[in-house]
Amino acid sequence: MGTDLFDLSGRVAVVTGGGTGLGKGMAAGLAQAGALVIVASRRQDVVDQAAEEIRASGGKAVGMALDVTRTKELPAFFETVVKRHGGLDILVNSAGTNRRLPALDYTEEDWDTVLDLNLKSLFFCCQAAARILKGRGGGKIINVASLASASTFPNQAAYAPSKAGVKQATMLMAMEWAPFRINVNAIGPGWFRTPLNDVLFQDEPWARGVTAMIPWGRTGTPEDLMGAVIFLVIYVDGGLLAGHRALRLPKEMP
Ligand SMILES: NC(=O)c1ccc[n+]([C@@H]2O[C@H](COP(=O)([O-])OP(=O)(O)OC[C@H]3O[C@@H](n4cnc5c(N)ncnc54)[C@H](OP(=O)(O)O)[C@@H]3O)[C@@H](O)[C@H]2O)c1
């Protein structure tokens, strides 16, 4: 095994929602560990800027426009990544949204918007990536869950069910794809100030109240997730997968 325990050199990682917030922090962490990071979301200028920042810090990154709700286009997106960048090893699903309304005021459109992005698109991203990873001998998938996967807060009528679904879908995929050497995990961030919830943090009494609930005494920053994501995507293989892109498991392996 190599001397650098957390070296991701030679790995190709896709981070959806990687241009902002938590995804941006995780993309930077993966790049810092040596991976080539494909920063993907709808806004080309945002992903290009995030990729540029990674390159300016000495990492490898490119931006690619991607709307994960266009699920039929996802297989072609991942095939393009493989063709352009020589592989696919890691997927981080950080694209997500929320509609903060009392449950009594929720419309079907609100519900569909949140569930389509947070759960349905996440599943089909995982599926499209896993079909490729299976043929390559394995890989790593990280889904961004939430405290709302396990508990609930007011005005999260669709968000909480979507994130509970992320937790369950992650467990299901982890179980079904383990024989293909695909690790599927979820990270459950607490409260982080990002574009998703900046409007809440602008309310200073609210922000103080949230901070007071956290024993650590502060809310998170995207950089706090770097270690967790690197830990979960690490291969303990001495770089074998990085050098043998077409590795197949022997037929007799489960
Ligand atoms: N902030 C927190 O405290 C917290 C806590 C727990 C979990 N989370 C989760 O963390 C993840 C990231 O959220 P964040 O807090 O970092 O907020 P954010 O900065 O708003 O990130 C959301 C990202 O999703 C992308 N996105 C939205 N729709 C998309 C689509 N259809 N296709 C592709 N990308 C899309 C956005 O980029 P474009 O607009 O360019 O598409 C954006 O980069 C979410 O899943 C969220 O639920 C956040």
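Helix 1 and helix 8 are oblique to each other, because angles of 65 to 115 degrees count as roughly perpendicular and angles under 35 degrees as roughly parallel, and theirs falls in neither class. In this predicted model, the axes of helix 1 (residues 21-32) and helix 8 (residues 226-233) cross at roughly 55° and come within 8 Å. The crossing of the two helices is right-handed. On the side of helix 1, the contact is formed by Gly25, Met26, Ala28, Gly29, Leu30 and Gln32, and on the side of helix 8 by Met226, Val229 and Ile230.

Helix 1 also takes part in the surroundings of the ligand: with 3 residues, helix 1 gives the most to the shell. There are 29 residues around the ligand, of which Gly17, Gly21, Arg42, Gly96 and Leu196 come nearest.

The composition of the two sets of residues is as follows.

| Set | Nonpolar | Polar | Charged |
|---|---|---|---|
| Contact of helix 1 with helix 8 | 6 residues | 3 residues | no residues |
| Shell around the ligand | 12 residues | 14 residues | 3 residues |

A further position to examine is Ile38, which lies in strand 2 (residues 36-41). Ile38 counts as buried because it has 29 C-beta neighbours inside 10 Å, where 20 or more are required. Leaving aside residues up to four places away in sequence, Ile38 touches Ala13, Val14, Val62, Met64, Val81 and His85. Between Ile38 and Val144 there is a separation of 106 residues in sequence, and their C-alpha atoms are 17 Å apart in space.

Terms used: Residues numbered from 1 in each chain as written. Predicted model: local features only at pLDDT ≥ 70, side-chain atom pairs only at ≥ 80, totals over all residues. Axes fitted to C-alpha atoms, helices over the stretch in contact; angles between N-to-C directions. Helix = DSSP H or I, 4+ residues; strand = E, 2+ residues; numbered from the N terminus. Parallel < 35°, antiparallel > 145°, perpendicular 65-115°, else oblique. Left-handed = near helix turned anticlockwise from the far one by under 90°. Contact = placed C-beta atoms within 7 Å. Nonpolar A, V, L, I, M, F, W, Y, C, P; charged D, E, K, R; others polar. Near = placed C-beta within 6 Å. Buried ≥ 20, exposed ≤ 12 C-beta atoms within 10 Å, placed from the backbone.
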